[in-house]
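Thank you all for making time this morning. I would like to walk slowly through one structure, so please have it open in front of you as we go.

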Amino acid sequence: MPLRLLSSPAAAAAAAAAAKLGAVSRAAPLSRGHSFVPAPRQQERVSLASTFSAAAARTAGPAVAAADAKHSVSGQKQVLISLSDKTDLAYLGNGLQGLGYSIVSTGGTASSLEAAGVNVTKVEEITHFPEMLDGRVKTLHPSIHGGILARRDQDPHLKALKEHGIGTFDVVVVNLYPFYDKVTSGAISFEDGIENIDIGGPTLIRAAAKNHKDVLVVVDHKDYPALLEYLQGNQDDQQFRKMLAWKAFQHVASYDSAVSEWLWKQSHKGDMFPPSFTVPLELKSDLRYGENPHQKAAFYADKSLSLVSQGGIATAVQHHGKEMSYNNYLDADAAWNCVSEFDSPTCVVVKHTNPCGVASRQDILEAYRLAVRGDPVSAFGGIVAFNRTVDEDLAMEIREFRSPTDGQKRMFYEIVVAPSYTEKGLEILQGKSKTLRILEAKSSGKGMLSLRQVSGGWLAQESDDLTPEDITFTNKSERAPQENELSDAKFAWLCAKHVKSNAIVIAKNNCMLGMGSGQPNRRESLRIAFRKAGEEAKGAALASDAFFPFAWQDAVEEACQNGIGIIAQPGGSNNDKDAIKCCNKYGVSLVFTDIRHFRH
C-alpha cells in the first residue's frame with residue numbers, strides 16, 4: 001500500500017544558507033529537522049531589541065527602517081501574526097516594531113502583543129468582519145490572503161490589490177492549534193478533537209510558503225532571531241526564504257498526518273492498514289556514519305500518534321558514553337525488545353542484533369553472569385540489557401566481571417540498557433569506561449504497526465507480540481514432557497523468537513546454552529547451537545522458529561542423537577509424522593506450538 005514518509009530531506013545547501021544569516025554568535029546554522037537558531041535568552045532579547053530600536057531611530061521613514069527591499073502597496077511593511085503557542089511573542093513583536101513593521105494580528109495574539117507594548121492592527125479592522133462561528137473564521141478573507149498571495153513582480157496582481165484597497169504582507173508568523181498534544185493527552189471526545197483541527201492557520205502558512213519569494217513565513221519561535229537578523233540586514237537571500245518555506249510545508253504536512261491518523265482510528269477501529277498513510281519523522285540526531293563508514297546516516301523519531309508513550313530505544317535517555325551509532329541503535333533495540341519479553345529478572349546479551357546470551361534468575365546478578373557465560377566470546381563488545389533496575393551491586397558486577405574465557409580480562413560492552421538506575425549504580429557504571437553508552441528505556445508497547453523498507457516500497461505488519469502464555473504447547477510424542485522440560489521449551493521458544501532465521505535455541509533451567517542463527521538451512525543452525533551448548537545440551541530443550549522439513553538423517557534425528565530432552569517446533573511440515581516417529585524412537589518429547597517465528 002502507498003506510504004508517504006515525512007522526513008527532513010538532506011539539504012546540502014542548508015549550511016550555505018546558514019552562513020548568510022549574520023555574524024551574531026547565537027545564530028546557529030540551519031540543519032535538517034532542527035530549528036534554525038536557538039530561542040533567545042532574555043538578556044539577548046533586550047540587547048537585540050534595543051539594537052533594532054536604535055537602528056530605526058537613526059533612519060527616516062518606513063521605507064528605510066524596513067530592512068527588506070520590497071515594499072507593500074501602501075509603502076508600509078506589514079506582518080501578520082497569529083499564534084497558538086505565544087512563546088517569545090513579545091520579543092518578536094518588539095523586534096519587528098523596532099524595524100518599522102506594522103503588525104496585524106488576531107484575537108489572543110493581538111491582546112498579548114498589546115500587553116507587551118506593541119502597536120497592533122486587528123484583523124477585523126482590515127477585513128471589516130468580526131471573528132465568526134466561534135473563531136472558526138478569522139483570516140479567511142481576500143483582504144488577508146490577497147495580500148499574502150499577490151506576486152510583487154506581476155503588475156496585474158498589484159493592480160488588483162490597488163483596485164480593492166488591499167495591502168501586502170511581507171512576513172507571516174503562524175503556528176497551529178495544539179491538535180497533537182490534545183489528542184495524546186488522554187481521553188478526548190470526538191467533538192473536542194474536531195474543534196482542535198486548525199483550518200485558518202494551515203491556509204495562511206501554505207499561502208505564505210507558496211509565495212515565499214515575496215513573503216517570509218515562520219512557524220517556529222526558535223526561528224525568530226534568524227528572521228529579525230535577516231530583516232535587519234537588508235538581505236534578499238532566496239535560499240533562506242526557501243528553507244523557511246520548506247519548514248512551513250513540513251510543519252503543515254506533519255500536522256495533517258496527525259489529523260489523518262486520528263480520524264482513521266476514529267472511523268476504522270481495529271483496522272491497522274489504511275489505503276494510504278503518512279509517517280511523520282523528526283530528526284533526532286545526525287550519525288557519524290551508517291552501517292558502514294562510507295554511508296551517511298541519521299536517526300529519526302517517529303511522531304505517529306500511535307507511538308506516544310510507547311517507549312522503546314527511540315525515546316531512551318542516554319546517561320553516559322559516546323554518541324549512539326547506526327549499529328548501536330539496531331543492537332540496542334534488539335536487546336531491549338528481547339529482555340522486555342521476560343517477566344522474571346532477566347539479562348540479555350546481544351551481538352549483531354542476535355541474542356547470544358539469555359538467562360533468568362531471581363538474583364539478577366546471577367542472571368547476568370549466566371547470560372555472559374552462555375557465549376563469552378560473542379558477549380565481548382556486545383550490548384547488555386536488563387529488565388530490572390541496575391543498582392550498586394549489579395553495576396559493580398558489570399564493571400569488574402572477568403571474561404569466562406581467561407578469568408583475567410574485564411568484559412567490554414558497547415551499551416548497557418535498563419529501565420532505571422540507582423544513583424550509586426549509575427555512578428559506578430560511568431566509571432567503567434568513558435565510551436560506555438548507558439541507556440534508560442521504557443518498555444516498548446504491544447500491538448504496534450511494524451514497517452520495513454524494500455526497494456520502492458514498504459512492508460507493514462502487526463508486531464509479533466505472542467509469548468508462551470498466549471499459545472498452547474501440544475504434546476505429539478509418546479513420552480510426555482516433564483514440567484521442568486516444558487518450562488525449558490517455553491524459555492527456548494521465547495528466545496528463538498528474537499534470533500534471526502533459521503533459528504535454533506538450546507536452553508535449560510531458564511538459561512540459553514547455545515543458538516544458531518541466520519543460516520540458509522536449519523540443520524546448519526542446529527549444529528552451531530549444539531557446538532556452543534556442548535555437553536550441557538544433554539537433557540536440554542531445543543526450540544526451532546519454524547518446522548523441520550525432514551526428520552530421519554536430518555535435523556530432528558541429529559538433535560535426538562545429541563541427547564536433547566524435548567523439541568518445540570511449530571509443526572506444519574508434510575513430514576511431521578516422521579518427526580514424531582523419530583522422537584518416539586529416541587524417547588524425546590516433541591511439542592508443537594502451531595506458531596511460527598520467522599525473523600528476517
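At what angle do helix 4 and helix 12 pack, and how far apart are their axes? Before I answer, a word on the source: this is a predicted model, in which local features need pLDDT of at least 70 and side-chain atom pairs count only at pLDDT 80 or more, while totals for chains, interfaces and linings use all residues. Residues are numbered from 1 along each chain as its sequence is written, and side-chain values use heavy atoms, with hydrogens and water left out.

Now to the answer: helix 4, residues 89-98, and helix 12, residues 224-232, pack at an angle of about 5 degrees, and their axes are 10 Å apart. That makes helix 4 roughly parallel to helix 12, a label given to angles under 35 degrees. Helices here are DSSP runs of H or I with at least four residues, strands are runs of E with at least two, and both are numbered from the N terminus. Axes are lines fitted to C-alpha atoms, for helices over the stretch in contact, and angles run from 0 to 180 degrees between N-to-C directions.

On the helix 4 side, the contact (heavy atoms within 4.5 Å) is made by Tyr91, Leu92, Gly95 and Leu96, and on the helix 12 side by Tyr224, Pro225, Leu227, Leu228 and Leu231. These residues divide into eight nonpolar, one polar and no charged, where Ala, Val, Leu, Ile, Met, Phe, Trp, Tyr, Cys and Pro count as nonpolar, Asp, Glu, Lys and Arg as charged, and the others, Gly among them, as polar.

Let me turn to the sheets. One open sheet has six strands in the order 9-14-13-12-10-11, with mixed pairing, and two strands pair if DSSP finds at least two bridges between them. Its edge strands are strand 9 (317-320) and strand 11 (354-360), each of which pairs on one side only. Inside this sheet, strand 10 (residues 346-351) and strand 12 (residues 382-386) run antiparallel and are joined by four bridges, with Val348 standing opposite Ala385 of strand 12.

Another open sheet is formed by six strands in the order 17-22-21-20-18-19, and its pairing is mixed as well. Strand 17 (474-475) and strand 19 (512-516) have a single partner strand each, so one side of each is left without a neighbour in the sheet. Helix 19, residues 483-496, packs on this sheet and touches strand 18, strand 19, strand 20, strand 21 and strand 22, its direction making about 35 degrees with that of strand 20. Helix 22, residues 576-586, also packs on the sheet, touching strand 21 and strand 22.

Finally, the aromatic rings, where a search of the whole structure finds 11 pairs. Rings of Phe, Tyr and Trp (its six-membered ring) pair if their centres lie within 6.5 Å, and planes under 30 degrees apart count as stacked, over 60 as edge-to-face and the rest as tilted. Phe179 and Trp262 form an edge-to-face pair, 5.5 Å centre to centre with 85 degrees between the planes, and this pair links helix 9 to helix 13 across 83 residues. Phe179, at 1% relative accessibility, counts as buried, and so does Trp262 at 6%, buried meaning under 20% relative accessible area, exposed over 50% and partly exposed in between, with a 1.4 Å probe and protein chains only. The rings of Phe190 and Trp262 have centres 5.4 Å apart and planes at 15 degrees, so that pair is stacked. Phe190, at 37% relative accessibility, counts as partly exposed. Ring pairs link Phe179, Phe190, Tyr255 and Trp262 into a cluster.

Note on methods: Angles under 35 degrees count as roughly parallel, over 145 as roughly antiparallel, 65 to 115 as roughly perpendicular and the rest as oblique.
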